[in-house]
Every structure is written in structure tokens, then in C-alpha cells.
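Dear colleague,

I am passing the structure below on to you, together with an account of what was found in it. Please read the notes that follow with the sequence and the coordinates open beside them.

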Amino acid sequence: GQLYLWCSGVGKGFGIEGEIRVGSYDKLLTLYVKENMVDLVIGTALIFMAAALAVCLFFLRLEFFTGGFSLLLVILSFGVLLITYSPFLPLMIGGPERIIDTCFDLALFTLLPAFSYYFEQIFGMKKSLLSRFRKLQLAYSIGCVGLLLLNYLLAFRLDAFYRFMTVDVVGIVMII
């Protein structure tokens, strides 16, 4: 029969790190699913928590609603990030990796300003440097969503520029 090898390295060197598993596809797939199921379970639990929080927010006063809504966005974004970053999902779905990447990007663009806003609400830093930085993050996230739509409309011809703006620059913004 045919032998399929998958090699993904963590370090800079070539070669296989870790253990080598040989067996039938069904047994190896079952093992792979069991190893990566934790991401899906935790991500789904976070999305469920966000849904429960969304129901509870309707019974709160308006002054608690804004902080609760930003917490809802943070929890929901973390759940979607965990699910879409898992290597299990593209293996099971198969083809539409662009949809998974888009969901990941939208969750990341939502997470950054929502987390800053939540942090600002909790610690009462209304007129601070964090408030200005959050507004910059929000504007940048809206610009990235616009760039995502433009990339879709142009049949992914802006992929290199989109990757630079959303991977490299967002990484620097997250570090800051």
C-alpha cells in the first residue's frame, strides 16, 4: 500500500522530533482526534459560557451591561480562537480552510479591542493611555476587517499584504 508521511518541525533543524507512529489510518486518526479534542471541548465550553452570559445580560442594569458585554466578547473570541486554531478542525472539515482562517481572524480582531475595553472598565481608566490605545486598536481592527473583505472581493490577490497587516502588525500590537 501507500505510505503517507507528515512532517512538521518545531525547531529550526530538519528531522523528526518526538515519536514515530505507524499503523492503519483509522487507528492513527482516532489517536489524533483524542489528542486534539481538548481544544474543541474548551473552546465549545467558552462559547457556551458566552451564550449563557448573553442571556444573563438582558436582566442587568445598563451600567453593568457594557462591562458584561465586553466580557462576553472576550470569552466568545477566546472560544472561537481555540476551536479554529486547533489542528483537528481542518482535518475533519477538509476543504474550506479560508472559512476557518476568516473566523480566526475575526475573533482576533474582536478580542483585542474588547479585552482592552474590559480592562479599562474593570480598573476605571477612562481618560488614560490605555483608552487611546484601545481606540487605536478598534480603528486598526475595523481596517483589518475592511482589508479582509477587500481581499475576498479581489479573489485573494492581496494575500501577502493581508498577511503582513494581520499577522506581523497585529503580533506587534498584541505584544504592546
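**Gly-43 and its surroundings**

Leaving out residues up to four places away in sequence, Gly-43 touches Gly-79, Leu-82 and Ile-83. Please bear in mind here, and throughout, that this is a predicted model. Gly-43 belongs to helix 1, which covers residues 25–57, and it is buried, with a relative accessible area of 0%. One of the residues it touches, Leu-82, lies 39 residues from Gly-43 in sequence, yet the two C-alpha atoms are 5.1 Å apart in space.

**The fold as a whole**

The protein contains 6 helices and 0 strands, so that reading along the sequence gives the pattern α-α-α-α-α-α. Its radius of gyration is 20 Å, whereas a compact globule of 176 residues would have one near 16 Å, and the C-alpha trace spans about 65 × 40 × 35 Å along its principal axes. Of the 176 residues, 27% are buried. The exposed surface of the protein comes to about 12500 Å², with carbon and sulfur atoms supplying 72% of it. If one takes the contacts between residues at least 6 apart in sequence, 61% of them join residues at least 24 apart.

**Helix 5 and what it packs against**

Helix 5 runs over residues 129–153, and its 25 residues reach 36 Å from the first C-alpha to the last, which is close to the 36 Å expected at 1.5 Å a residue. Its buried residues include the polar or charged Ser-131, Arg-134, Gln-137, Ser-141 and Asn-151, and also Leu-130, Cys-144, Leu-147 and Leu-148. The buried residues of this helix pack against helix 4 and against helix 6, the latter covering 159–175. After helix 5 comes Ala-155, whose phi is positive, near 60 degrees.

On the helix 4 side, it may be worth looking at Glu-120, which is placed in that helix and counts as buried at 3% relative accessibility. When its neighbours within four places in sequence are left aside, Glu-120 is in contact with Met-125, Lys-126, Leu-130, Ser-131 and Arg-134. Leu-130, Ser-131 and Arg-134 also appear among the buried residues of helix 5.

**Aromatic rings**

There are 4 aromatic pairs in the structure. One of them is formed by Phe-119 and Phe-123, whose ring centres are 4.6 Å apart and whose planes make an angle of 55 degrees, so that the pair is classed as tilted. Why might these two rings be placed to pair, given where Phe-119 and Phe-123 sit in helix 4? The two residues are 4 apart in helix 4 (residues 97–123), and are therefore separated by about one helical turn. In general, an α-helix has 3.6 residues a turn, so residues three or four places apart point the same way. As for their surroundings, Phe-119 is partly exposed, with a relative accessible area of 36%, whereas Phe-123 counts as exposed at 53%.

A ring also takes part in a contact of another kind, since the charged end of Arg-98 sits over the ring of Phe-156, at 3.8 Å from its centre.

With kind regards

Methods:
Residues are numbered from 1 along each chain as its sequence is written. This is a predicted model: local features need pLDDT of at least 70, side-chain atom pairs count only at pLDDT 80 or more; totals for chains, interfaces and linings use all residues. Side-chain values use heavy atoms; hydrogens and water are left out. Rings of Phe, Tyr and Trp (its six-membered ring) pair if their centres lie within 6.5 Å; planes under 30 degrees apart count as stacked, over 60 as edge-to-face and the rest as tilted. Buried means under 20% relative accessible area, exposed over 50%, partly exposed in between (1.4 Å probe, protein chains only). A charge sits over a ring if NZ of Lys or CZ of Arg is within 6 Å of the ring centre and within 35 degrees of the ring normal. The expected span of a helix is 1.5 Å times one less than its number of residues. Contact means heavy atoms within 4.5 Å. The radius of gyration is taken over C-alpha atoms; the globule rule is 2.2 Å times the number of residues to the power 0.38. Accessible areas come from the Shrake-Rupley method with a 1.4 Å probe; for residues, only the protein chains shown count as cover.
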